[in-house]
Amino acid sequence: MKELIEAILTHGKAINEDVLLVDSFLNHQVDPLLMHHIGETFAAFFRKKEIDRVLTIESSGIAPAAFTAYSLGVPLVIMKKQTSRIMTGDLIQTTVRSFTKGTEYQLTVKREFLPAGERVLFIDDFLASGEAAFGAIELVKEAGATVNGIGIVIEKSFQSGRKRLDALNIPVLSLARIRAMGPEGIEFLE
Ligand code: 5GP
């Protein structure tokens, strides 16, 4: 997606060869026009998959996922990385290893928000090793629903996630695919 690639080239900072900072438009400050376009692009691609709900992980997936859910006219469900005393009832949980923090967290969702039999579109801001996406797929399976599509805003194609997801035969759309990055700049796949 041209507009997204321009935003990455203008505002993104590769803090090393593995981690890209895009906090000025995607996950700290948010560019609503860009998010609107991202939401419409995901919705157009996945509409024929008859999606019942969009699923994401707090907090950086929320902006693109919310715009996608709005464009598809379906609810958005946000998986939590931390539970609280008010999060009670029938919960589904799985353990995920955080790429950026190097720690593990419990991905949690209320079963009532992930009804069995539904078709789910998982949206996230980044795809690196695929741990977050695999955690989401695991939760959806546990709920008795199915992941009918995966939408990624920025895929770091030089890391293992995309290959791992392709092996599952779930349609994946990544709006920007980074071949390599570092102090000399950022290179994209077609
Ligand atoms: P994975 O689970 O695929 O290894 O990593 C995906 C998750 O880690 C995403 O939800 C995202 O929040 C975070 N992440 C992975 N790589 C990056 C990165 O280069 N920059 C930022 N800001 N977040 C990342």
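Which atom of the ligand lies 2.7 Å from a backbone N or O atom of Gly 130? I opened my notebook with that one, and I found an oxygen atom of the ligand there. A note to myself before going on: this is a predicted model.

**Entry 1: around the ligand**

I looked up the neighbours of the ligand next. There are 17 residues around the ligand, and those that come nearest are Leu 20, Asp 124, Ser 129, Gly 130 and Lys 156. I then checked two further backbone contacts. Leu 20 has a polar backbone atom 2.7 Å from a nitrogen atom of the ligand. Ala 128 has a polar backbone atom too, and it is 2.8 Å from an oxygen atom of the ligand. I also asked how much of the ligand is covered: on its own the ligand has 510 Å² of accessible area, and the protein covers 90% of that.

Which elements give two or more residues to the shell around the ligand? I wrote down β7 (119-127) and α4 (131-143). With four residues, β7 gives the most to this shell. I sorted the shell by class as well, and got seven nonpolar, five polar and five charged residues.

**Entry 2: the largest pocket**

Where does the ligand sit among the pockets? I found that the space taken by the ligand is the largest pocket. I noted a volume of about 660 Å³ for the largest pocket. Its lining has 31 residues, and the closest to the pocket centre are Ser 60, Lys 81, Thr 100, Asp 125 and Phe 126.

I traced the lining back to the helices and strands. At least two residues each are supplied by β2 (20-21), β5 (91-97), β7, α4 and β8 (146-156). The largest share comes from β7, with five residues. So I met β7 twice, as it also gives the most to the shell around the ligand. By class, I listed 15 nonpolar, seven polar and nine charged residues in the lining of the largest pocket.

**Entry 3: the second largest pocket**

How much space lies in the second largest pocket? I put down about 170 Å³. I copied part of its lining, including Phe 134, Ile 137, Val 147, Leu 168 and Ile 170. Glu 138 and Lys 141 are among the lining residues as well. The elements that give this lining two or more residues are α4 and β8, and α4 gives the most, with five. The classes here are seven nonpolar, one polar and two charged residues.

**Entry 4: backbone oddities**

I reminded myself of the usual picture first: most residues other than glycine have a negative phi, and most peptide bonds are trans. Then I went looking for exceptions.

Which two residues does a cis peptide bond join? I found Glu 58 and Ser 59, with omega at about -10 degrees. I placed Ser 59 in the loop between β3 (53-57) and α3 (62-72).

I also noted Glu 50, where phi is positive, near 50 degrees, although the residue is not glycine. Glu 50 belongs to the loop between α2 (32-46) and β3. Asn 169 is another residue other than glycine with a positive phi, near 65 degrees. I located Asn 169 in the loop between α5 (161-166) and β9 (172-182).

Conventions
Residues numbered from 1 in each chain as written. Predicted model: local features only at pLDDT ≥ 70, side-chain atom pairs only at ≥ 80, totals over all residues. Heavy atoms only, no water. Near = heavy atom within 4 Å. Polar contact = N/O pair within 3.5 Å; in protein donor to acceptor, adjacent residues only side chain to side chain. Areas by Shrake-Rupley, 256 points an atom, 1.4 Å probe, with all protein chains shown as cover. 1 Å grid on protein atoms, 1.4 Å probe; cavity = no way out; pocket = protein on both sides within 12 Å on 5 of 7 lines; lining within 4 Å. Sits in = over half its atoms within 2 Å of the grid points. Nonpolar A, V, L, I, M, F, W, Y, C, P; charged D, E, K, R; others polar. Points joined across faces, edges and corners; volume = space filled by probe spheres on them.
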